[in-house]
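Got the viewer open? Here's a walk through the model, one selection at a time.

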Amino acid sequence: MTHPATSAIASDANGSPITPRGVPHHDGAVNPSIAALRAHFGEAIGRHAVVWGETTVYVDRAALFAVIQWLHDEPSQRYDYLVDVTAVEYRDAVRPLEVVWHLRALGHRQFLRIKVELDRQGPLVVPSIMAIYTGADWLERECFDMFGIRFEGHPDLRRLLMWDSYAEGHPLRKDFPLRGRFSRAEQLKQALAANPEARYSMNELTIAEAFDVLPEDMKQRLADERVARHGLEGGE
Amino acid sequence: MGLTPARALSTTTVDPSAQDSWVTSRLDFLVNWARTGSLWPMPFGTACCAIEFMSTAASRFDLARFGMERLSYSPRQADVLICAGRVPLKLAPVLRRIYQQMPQPKWVISMGACASTGGMFDNYAVVQGIDTIIPVDVYVPGCPPRPEALMHAILMLQQKVRQDRLRDRTQHVEIVPDPTSQLYIPASRIDELSEPFGNAVNQTRSAP
């Protein structure tokens with residue numbers, strides 16, 4: 001694999017990454033994807049900042065899906081790994097709430113942090129990127145659970161950490177009291193009333209439904225095992 | 001207080017000619033001796049306390065000395081539930097279900113500060129002491145407790161088991177609130193009464 005000369009992480013003679021030393025706190029080397037994004041999307045790309053060698057770029061909400069799609073598909077970018085989806089709310093009341101995506105290009109050894117600013121008064125809605133990264137599924141559900149941000153287009157947006165009938169709100173919001181909104185007794189009563197087995201169904205536990213979206217090599221392996229087990233192609 | 005009244009079986013009259021008291025006490029001794037030496041623990045480890053529990057079970061501290069080397073990962077064959085670690089509210093129904101699945105007689109050790117009181121996690125997500133969900137026999141302080149502390153708790157539990165009386169079954173009757181009783185107070189009323197008098201973490205014991 002060849003690495004572009006602008007790679008954020010230097011390589012040694014064997015091509016192995018070297019831990020960068022002496023990275024400046026501010027004004028380090030800017031991720032080259034920023035210039036490419038500006039050339040391609042223009043006004044939709046907001047300001048950017050480099051902190052400890054990591055580049056953060058603010059993106060317009062309307063353009064977010066297209067930006068991430070482009071970063072994922074464009075051969076010169078190839079951001080093939082979604083590290084995290086999360087959000088930040090600041091104590092400063094006028095500062096907007098930020099939704100954060102961490103992307104990594106494993107081949108190009110680049111890291112990019114994308115942020116979308118959301119007005120607290122407005123609807124907390126951003127597009128879901130599950131169509132691009134399937135791994136965004138639970139990350140977006142967690143973000144919805146903890147912050148109440150709705151990911152438009154997510155096929156199954158429900159709580160992840162708290163139980164489904166949790167009624168106290170979204171715990172990581174700044175206006176959420178540390179001990180929750182209800183009394184201890186009420187919290188315990190509601191928690192005990194939840195049925196932990198409600199979501200366990202044979203449909204969720206079976207792999208049959210997921211077969212179509214499995215990678216080809218895994219499909220082939222499962223088919224081979226099936227032949228080895230049953231002796232004939234496709235028969236039971 | 002709204003609970004099924006205990007059956008009055010805790011006293012016995014000694015009739016020297018019948019000699020049944022002698023037999024009963026020996027049977028107590030025998031049964032308790034057998035139970036004491038083969039308490040099968042059901043580990044419910046959720047946090048760092050479970051690491052200390054593993055250490056206790058391993059060769060250096062050797063849980064086998066107490067007849068507990070057979071860890072029962074099914075509640076249906078377990079005698080002691082050792083709850084090691086914090087219990088989130090989402091896990092509360094699971095812990096209660098596991099306790100209900102254990103056959104009588106059964107005991108519970110609450111290991112560590114988090115299981116006993118919620119510990120430092122005085123927040124929206126953590127049960128403030130598992131005794132708000134299930135009855136507890138022995139509490140082990142510590143964050144996490146050293147294996148010696150857990151072994152001390154096990155010895156205390158064995159002492160308790162030795163003092164069990166077969167004829168007094170009340171200690172192994174699972175007490176369920178009886179709504180038809182005149183003394184029954186609904187949970188909401190208990191909350192209302194007990195809320196201002198709660199301790200620092202505001203525990204109430206009325207949750208069903």
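## First stop: a helix with two sides

Select α5 in chain B and colour by burial: Leu150(B), Ala153(B), Ile154(B), Leu157(B) and Val161(B) are the buried ones. These residues span an arc of only 100° around the axis, which puts them on the same side of α5(B). The spacing follows a familiar rule: an α-helix has 3.6 residues a turn, so residues three or four places apart point the same way. Now spin to the other side of α5(B), where Glu148(B) and Gln159(B) are exposed.

While you're here, check the length. This is a predicted model, and α5(B) covers residues 147-162, 16 residues in total. From first C-alpha to last, α5(B) reaches 22 Å, close to the 22 Å expected at 1.5 Å a residue.

## Zoom out: chain B

Show chain B as a cartoon. You should be able to trace 6 helices and 4 strands, in the order α-β-α-β-α-β-α-β-α-α from the N terminus. Of the 208 residues in chain B, 31% are buried. If you plot a contact map, look well off the diagonal: among contacts between residues at least 6 apart in sequence, 78% join residues at least 24 apart.

## Next: where two chains meet

Select α3 of chain B (residues 92-101) and α4 of chain A (residues 184-193). Two packed helices are described by the angle between their axes and the distance between the axes. Here the axes come within 7 Å and cross at roughly 65°, which makes α4(A) roughly perpendicular to α3(B). The crossing is right-handed.

Which residues in α4(A) and α3(B) meet? Show sticks for Leu188(A), Ala191(A) and Leu192(A) in α4(A), and for Ala92(B), Pro93(B) and Arg96(B) in α3(B).

Keep α3(B) selected and look at its buried residues: Ala92(B), Leu95(B) and Tyr99(B). Seen down the axis of α3(B), they fall within an arc of 70°, so they line one face of the helix. What do the buried residues of α3(B) pack against? Add α4 of chain A, plus β1 (41-45) and β2 of chain B, and you have the partners on screen.

## Backbone oddities: two cis peptides

Step on to Gln104(B) and Pro105(B), which are joined by a cis peptide bond with omega about -5°. Pro105(B) is found in the loop between α3 and β3 (107-111) of chain B.

Then jump to Cys143(B) and Pro144(B), where the peptide bond is also cis, with omega near -10°. Pro144(B) is in the loop between β4 (138-140) and α5 of chain B, so follow the chain onward and you're back at the helix where the tour began.

## Last stop: positive phi

Finish with two residues worth a click on a Ramachandran plot. Trp52(A) isn't a glycine, yet its phi is positive, about 50°. Find Trp52(A) in the loop between β1 (45-51) and β2 (54-59) of chain A. Is Trp52(A) buried or exposed? Trp52(A) is exposed, with 10 other C-beta atoms within 10 Å.

Over in chain B, Asp62(B) is another residue other than glycine with a positive phi, near 60°. Look for Asp62(B) in the loop between α2 (48-57) and β2 (80-84) of chain B. Asp62(B) is partly exposed, with 14 other C-beta atoms within 10 Å.

Technical notes: Residues numbered from 1 in each chain as written. Chains lettered and ligands numbered in written order. Predicted model: local features only at pLDDT ≥ 70, side-chain atom pairs only at ≥ 80, totals over all residues. Helix = DSSP H or I, 4+ residues; strand = E, 2+ residues; numbered from the N terminus. Expected span 1.5 Å × (residues − 1). Buried ≥ 20, exposed ≤ 12 C-beta atoms within 10 Å, placed from the backbone. Arc of directions from axis to C-beta. Axes fitted to C-alpha atoms, helices over the stretch in contact; angles between N-to-C directions. Parallel < 35°, antiparallel > 145°, perpendicular 65-115°, else oblique. Left-handed = near helix turned anticlockwise from the far one by under 90°. Contact = placed C-beta atoms within 7 Å.
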